[in-house]
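Here are my notes on the model you sent, set out as numbered points. Please read them with the structure open beside you.

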Amino acid sequence: MPISDAPAVNAGVLLDEARDVTDRRLAEVARRLDAPAFTYALQSPGKRVRPALVIAAFRAAGGEHPGIGGVAAAVEIVHTYSLVHDDLPCMDDDDLRRGRPTTHRVFDVGTATRVGYQLVPVAAQVLAEAANDLGLSPERLGAMAMTLFTASGIEGMVGGQWLDLEAEQRTLDLEGLTAVHRGKTGALIRASCVLGGLAAGASPAQVEALEHFGSDIGLAFQVADDVLDVTGTSDQLGKTAGRDEALQKSTFVRLLGVGGARQEADRLARSAIQHLERAGITSTALPALAHYIVTRSS
Ligand code: GRG
């Protein structure tokens with residue numbers, strides 16, 4: 001059965017819970033930073049997919065503690081910084097994000113640049129506070145910090161964005177495009193799953209399975225995003241639709257067509273779930289989120 005026909009197990013409920021838990025912490029951080037531009041960037045209505053994955057992976061590995069919300073918030077803060085910077089004129093130069101004007105449009109480019117940079121150390125702080133709250137050892141916090149910040153850096157998100165910007169004047173083949181998005185979009189999604197496992201004290205085999213799951217759904221997320229860029233409206237997406245075409249970007253839709261890209265997203269989501277099954281991880285939340293990622297409409 002294609003994953004897009006599989007019954008959704010309350011992904012909406014999982015996302016709502018992740019939003020509650022994460023947004024409480026983001027509001028706290030915004031209060032501490034005490035400047036309108038931080039509040040604007042942090043209190044913006046994203047889907048909270050990465051926090052939902054952190055929490056679901058934590059529970060899948062046997063964790064149950066409210067402190068996981070801090071880990072989820074740390075990932076969302078890195079994601080928020082990346083969106084603020086991605087929208088800047090020197091990157092994708094966009095006016096609309098999460099249904100609102102981008103941070104540099106409401107404030108100015110200098111302010112949005114500073115907000116983005118400052119959110120990186122803030123994410124590190126929030127992660128360290130969460131590890132304390134969860135009673136994790138310094139070694140475990142070290143592993144989690146390595147996971148989050150390696151995924152955020154040149155071997156992950158920054159590296160993928162770098163390749164993406166360099167490729168703007170060229171057409172990438174499937175291998176090149178996959179390399180871009182395993183970093184740009186996939187690395188933080190993969191890290192979300194690993195972080196949940198590490199926070200719960202998962203075994204190395206479980207962490208490995210969560211990493212493979214995250215790797216597959218991370219790429220599936222981008223394939224689905226490319227489809228939405230051509231099939232969705234700006235209203236539905238909360239960001240400018242058709243941006244890939246306008247920027248002449250290489251996309252999975254360009255290489256595979258809409259139907260082929262949908263099939264590829266499905267294949268990746270099924271493969272992700274198989275990694276969990278093989279490792280005996282009996283979560284219903286993670287498959288539900290995989291399903292949501294490839295069937296979402298925004
Ligand atoms: C210095 C080269 C360099 C890079 C800086 C800007 C940046 C780091 C990286 C860009 C990363 C990026 C924006 C990737 C796109 C990921 C993506 C598909 C975002 C949309 O995620 P959703 O749909 O958004 O989860 P919401 O708004 O729901 O949170």
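1. I begin with one residue, Arg140, which sits in helix H7, the helix that covers residues 138–152. Please keep in mind throughout that this is a predicted model, and that every value below is computed from it.

2. Is Arg140 buried or exposed? Neither word fits, because its relative accessible area is 26%, and residues between the 20% limit for buried and the 50% limit for exposed are called partly exposed.

3. Once neighbours within four places in sequence are set aside, the residues in contact with Arg140 are Leu198, Gly201 and Ala202. Of these partners, Leu198 is 58 residues away from Arg140 along the chain, yet the two C-alpha atoms are separated by 7.1 Å.

4. His79 belongs to helix H4, which runs over residues 68–86. His79 is counted as buried because its relative accessible area of 10% falls under the 20% limit. With neighbours within four places in sequence again left aside, His79 is in contact with Arg50, Arg98 and Leu188.

5. Turning to the interior, the largest nonpolar core contains 84 residues, and those with the most contacts inside it are Leu53, Val71, Ile77, Phe213 and Ile217. Leu53 deserves a look on the display: not counting residues up to four places away in sequence, it touches Ile189, Ser192, Cys193, Phe213, Ile217, Leu286, Leu289 and Ile293. Two of the core residues named above, Phe213 and Ile217, are thus found again in the list for Leu53.

6. For the chain as a whole, the secondary structure comes to 15 helices and 2 strands. The radius of gyration is 18 Å, close to the 19 Å that the globule rule gives for 298 residues, so the chain is as compact as a globular protein of that length. Its C-alpha trace spans about 50 × 50 × 30 Å along the principal axes.

7. How much of the chain is buried? Buried residues account for 54% of the 298 residues. Among contacts between residues at least 6 apart in sequence, 76% join residues at least 24 apart, and the pair Arg140 and Leu198, at 58 residues apart, can serve as an example to inspect.

8. As for the surface, the protein chain exposes about 12,700 Å², of which carbon and sulfur atoms supply 53%. The chain carries 28 positive and 37 negative charges, and the mean positions of these two sets are 2 Å apart.

Note on methods. Residues numbered from 1 in each chain as written. Predicted model: local features only at pLDDT ≥ 70, side-chain atom pairs only at ≥ 80, totals over all residues. Heavy atoms only, no water. Core = buried A, V, L, I, M, F, W, Y, C linked by side-chain atoms within 4.5 Å. Buried < 20%, exposed > 50% of the residue type's maximum accessible area, 1.4 Å probe, protein only. Contact = heavy atoms within 4.5 Å. Helix = DSSP H or I, 4+ residues; strand = E, 2+ residues; numbered from the N terminus. Rg over C-alpha atoms; globule rule 2.2 N^0.38 Å. Areas by Shrake-Rupley, 256 points an atom, 1.4 Å probe, with all protein chains shown as cover. Lys, Arg positive; Asp, Glu negative; His and termini not counted. Charge placed at Lys NZ, Arg CZ, Asp CG, Glu CD.
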